[in-house]
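Here's a quick briefing to read with the structure open beside you. Have a look at the picture first, then work through the notes by topic.

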Amino acid sequence: MTMKLSRLLASSRNHLSKNILCGKDGNLSHGLPLHTFTSRAGISTAEQNLGVKGIAAPYTVFKGKAALSVTPILPTFTKLDSGLHVVERRGVMMLKFIPAIGERKYDWEKKQLFALSPTEVGSLISLGVSDSCEFFHDPSMLSSNAGQVRKSLSIKPHSTGSGYMISLTVINNVEKTRDNLSVPFTTAEFAVVKTACSYALPHILGWDRLTDKVARGHASNFKVDRQLMDSEWDK
């Protein structure tokens, strides 16, 4: 009788653990702790079919006038005749500004992109509580089309010391438009961005591959989902 009772209790514990991790239907992809994380600031999700669709895990802060999504974009590699893999396209931290069109509604079709280089990421993560920084991008800087599109990103602390304001201005002299998007960040939200950027920095440099045993012989593992490789100048 004691043996039967022990087996019954063990079975009950296993069933309960499965429900907690996988959801009531037993499907692991539906399990809340592994599938989604939701906060007042944003939503982050990870797709399960890694071999086909890759991974999407942005940190997004939604505010009244706009939202800001931060996503690491990994570098792509190419293989030389010598067998050495080198960076073909450098990685960045992609900032996506999405304007609000109503209460809790955002127009993702009108998003504006700003790609932070590793050095610019260094400037961001080194900011103190009273420091600010500003970056300027021109996609045609070295050509005759210089100045057609100009982007400026500024990160400035609130006067109260309660966080930062991240603002993007995009001037398109061809279409005669000027977009201004600003998203206030609390101290906690900005701390998440700084910590995430610090963690992602060696990955967007490609240095994590130096210690990856796969990098020493299998080029297929360097493939990156092209759908995730948004260019700052796609929009």
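In this predicted model, the largest nonpolar core holds 29 residues, and Phe97, Leu116 and Leu153 touch the most other members. Helix H5 gives the most to this core, with five residues. There's also a second, separate core of five residues, with Ile73, Val92, Met94 and Leu113 among them.

**Around the core**

- Take Leu116 as a way in: setting aside residues up to four places away in sequence, Leu116 touches Val92, Met93, Leu95, Val121, Leu124, Phe135 and Leu153.
- Now hop over to Phe190, which is found in helix H5, residues 187–205.
- Phe190 counts as buried because its relative accessibility is 2%, and the cut-off for buried is under 20%.
- Which residues is Phe190 in contact with, leaving aside its neighbours within four places in sequence? They are Leu124, Leu127, Ile155, Tyr164, Ile166 and Phe185.
- One of those contacts, Ile166, is 24 residues from Phe190 in sequence, with 9.7 Å between the two C-alpha atoms.

**The chain as a whole**

- The protein chain has five helices and 13 strands.
- Out of its 235 residues, 35% count as buried.
- If you take the contacts between residues at least 6 apart in sequence, 46% of them join residues at least 24 apart.
- The accessible surface of the chain comes to about 15000 Å², and carbon and sulfur atoms account for 56% of that.

**Strands and hairpins**

- Start with strand E3 (residues 59–62) and strand E4 (residues 66–73), which run antiparallel and are joined by four bridges.
- In this pair, Tyr59 stands opposite Val70 in E4.
- E3 and E4 make a hairpin, with three residues between them.
- Further along, strand E11 (residues 149–157) pairs with E12 in the antiparallel sense over nine bridges.
- Ser152 has Thr169 in E12 as its bridge partner.
- E11 and E12 form a hairpin too, with five residues between them, and Gly161 in the turn has a positive phi of about 75°.
- E12 also runs antiparallel to E13, and ten bridges join the two.
- Here Met165 stands opposite Pro184 in E13.
- The hairpin of E12 and E13 has four residues between the strands.
- Is E12 mostly covered or uncovered? It's mostly covered, as nine of its ten residues are buried.

**Two residues with a positive phi**

- Lys176 has a phi near 55°, a positive value even though the residue isn't a glycine.
- You'll find Lys176 in the loop between strand E12 (163–172) and strand E13 (177–186).
- Lys176 has a relative accessibility of 71%, so it counts as exposed.
- Arg104 isn't a glycine either, and its phi is positive at about 60°.
- Arg104 sits in the loop between strand E7 (92–102) and strand E8 (105–106).
- Why does Arg104 count as exposed? Because its relative accessibility is 76%, and the cut-off for exposed is over 50%.

**A salt bridge**

- Side chains of opposite charge can pair when their charged atoms come close.
- How many salt bridges does a search of the whole structure find? It finds one.
- That salt bridge is between the side chains of Lys63 and Glu189, at 3.0 Å from N to O.
- The pair links distant parts of the chain, with Lys63 in the loop between E3 and E4, Glu189 in helix H5, and their positions 126 residues apart in sequence.
- Lys63 counts as buried because its relative accessibility is 17%.
- Glu189 is buried as well, with a relative accessible area of 4%.

**A nonpolar patch on the surface**

- Leu205, Trp207 and Leu210 make a nonpolar surface patch of about 340 Å².
- Leu205 is found in helix H5, the helix that gives the most to the largest nonpolar core.
- Leu205 has a relative accessibility of 30%, so it counts as partly exposed.

Definitions and conventions. Residues numbered from 1 in each chain as written. Predicted model: local features only at pLDDT ≥ 70, side-chain atom pairs only at ≥ 80, totals over all residues. Heavy atoms only, no water. Buried < 20%, exposed > 50% of the residue type's maximum accessible area, 1.4 Å probe, protein only. Contact = heavy atoms within 4.5 Å. Core = buried A, V, L, I, M, F, W, Y, C linked by side-chain atoms within 4.5 Å. Patch = residues over 30% accessible without salt bridge, like charges linked within 9 Å, V, L, I, M, F, W, Y side chains within 5 Å. Areas by Shrake-Rupley, 256 points an atom, 1.4 Å probe, with all protein chains shown as cover. Salt bridge = Lys/Arg side-chain N within 4 Å of Asp/Glu carboxyl O. Pairing = 2+ DSSP bridges.
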